[in-house]
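Here is a short briefing to read with the model open beside you. Take it one topic at a time and find each element as you go.

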Amino acid sequence: MSAPLRAVIADDQALVRTGFRMILNADGIDVVAEAADGAEAVAAVRRTRPDVVLMDIRMPQMDGIEATRQIMRGGAEETRVLILTTYDLDQYVYAALTAGASGFLLKDVTPEHLVASVRLVRSGDALLAPTITRRLVERFARRDDARAALHRDLSELTPRELEVLRLLATGLSNAELADRLTLSATTVKTHVARILSKLGLRDRVQAVVLAYETGLISPSRPPT
């Protein structure tokens with residue numbers, strides 16, 4: 001049997017941490033640590049090396065954005081950060097995504113969706129809440145010439161991979177990509193994996209952010 005998924009919960013509200021821990025534990029997810037601020041979250045991740053961190057944005061001492069940035073820079077390659085927010089278009093969520101978070105959840109999430117989302121973001125196989133995440137990127141992303149220069153290796157992508165990236169950035173799942181491009185799900189998954197590898201990206205969320213920041217796609221110029 002595979003080892004249970006391991007999680008850290010970072011939120012300055014004890015009741016939120018307790019509630020989430022009970023929900024995750026009931027579904028066989030092991031909560032290995034809790035944190036009341038960003039600094040505690042960074043220390044907990046370095047100590048326990050969890051699979052997923054549920055990270056609140058607004059916390060004392062160190063906020064969730066800086067904590068996410070430090071976790072991503074600290075060598076926790078296998079750890080995924082899932083942002084907790086109160087509003088679905090919180091400008092801080094976009095900053096957290098660019099810092100390396102793999103997705104986000106609203107705090108009023110149902111128990112079933114919380115569990116499913118933690119497992120989903122751990123797999124890295126699909127973009128969490130694609131429609132809402134796309135709205136976030138469209139609202140806050142700006143073309144960044146410096147990042148565009150760093151990622152001129154977009155030229156290393158094949159025409160098909162560029163097409164997949166453009167459609168992926170609109171929030172399509174692998175199944176939807178396969179249907180749109182008349183490809184098998186396995187082929188689409190292979191294309192996505194190659195895109196992430198060639199561009200040095202952790203997951204699909206970073207691919208969406210990059211597509212907007214480099215100007216590959218923009219709210220005013222959706223892919224055909």
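What follows covers the sheet, its central strand region, one annotated residue, a helix pair and a residue further along the chain.

Please keep in mind that this is a predicted model. Five strands form an open sheet, and their pairing is parallel. Asp 56, which carries a UniProt annotation, has its place in strand S3.

**The sheet**

- Reading across the sheet, the strands come in the order S2-S1-S3-S4-S5.
- Strand S2 (30-35) and strand S5 (103-106) stand at the edges with a single partner strand each, so one side of each has no neighbour in the sheet.
- On average, neighbouring strands are turned by 25° against each other, direction ignored.
- As general background, strands of a sheet pair through backbone hydrogen bonds, in either a parallel or an antiparallel way.
- Strand S4 (residues 80-85) pairs with S5 in the parallel sense over four bridges, and Ile 83 has Phe 104 in S5 as its bridge partner.
- Helix H1 (residues 14-26) lies across strand S1 (6-10), S2, strand S3 (52-56) and S4, and it runs at about 170° to S2.

**Strand S3 and its partners**

- S1 and S3 run parallel and are joined by four bridges; here Val 8 stands opposite Val 53 in S3.
- S3 also pairs with S4, in the parallel sense and over five bridges.
- Val 53 has a bridge partner in S4 as well, namely Val 81.
- How many of the five residues of S3 are buried? Five of the five are, and the strand is mostly covered.
- Val 52, Leu 54 and Asp 56 point one way from S3, while Val 53 and Met 55 point the other way; all are buried.

**Asp 56**

- The annotation that covers Asp 56 comes from an unreviewed UniProt entry and reads "modified residue: 4-aspartylphosphate".
- Is Asp 56 buried or exposed? Its relative accessible area is 5%, so Asp 56 counts as buried, the cut-off being under 20%.
- Leaving out residues up to four places away in sequence, Asp 56 touches Ala 10, Asp 11, Asp 12, Gly 64, Leu 84 and Lys 107.

**The pair of helices H2 and H3**

- Two packed helices are described by the angle between their axes and the distance between those axes.
- For helix H2 (residues 38-48) and helix H3 (residues 64-73), the axes come within 8 Å and cross at roughly 20°.
- That angle makes H2 roughly parallel to H3, because angles under 35 degrees count as roughly parallel.
- H2 contributes Gly 38, Ala 41, Val 42, Val 45 and Arg 46 to the contact, and H3 contributes Ala 67, Gln 70 and Ile 71.
- The crossing of H2 and H3 is right-handed.

**Ala 178 in helix H9**

- Further along the chain, Ala 178 lies in helix H9 (residues 174-181).
- Ala 178 has a relative accessibility of 9% and therefore counts as buried.
- Which residues is Ala 178 in contact with, leaving aside its neighbours within four places in sequence? They are Leu 183, Ser 184, Ala 185 and Val 188.
- From Ala 178 to Lys 189 is eleven residues in sequence, and the two are 9.0 Å apart in space, C-alpha to C-alpha.

Key: Residues are numbered from 1 along each chain as its sequence is written. This is a predicted model: local features need pLDDT of at least 70, side-chain atom pairs count only at pLDDT 80 or more; totals for chains, interfaces and linings use all residues. Side-chain values use heavy atoms; hydrogens and water are left out. Two strands pair if DSSP finds at least two bridges between them. Helices (H or I, at least four residues) and strands (E, at least two) are DSSP runs, numbered from the N terminus. Axes are lines fitted to C-alpha atoms, for helices over the stretch in contact, and angles run from 0 to 180 degrees between N-to-C directions. Contact means heavy atoms within 4.5 Å. Buried means under 20% relative accessible area, exposed over 50%, partly exposed in between (1.4 Å probe, protein chains only). UniProt positions are given in the numbering used here, feature names are shortened, and annotations may be inferred rather than shown by experiment. Angles under 35 degrees count as roughly parallel, over 145 as roughly antiparallel, 65 to 115 as roughly perpendicular and the rest as oblique. A crossing is left-handed if the near helix is turned anticlockwise from the far one by less than a right angle, and right-handed if clockwise.
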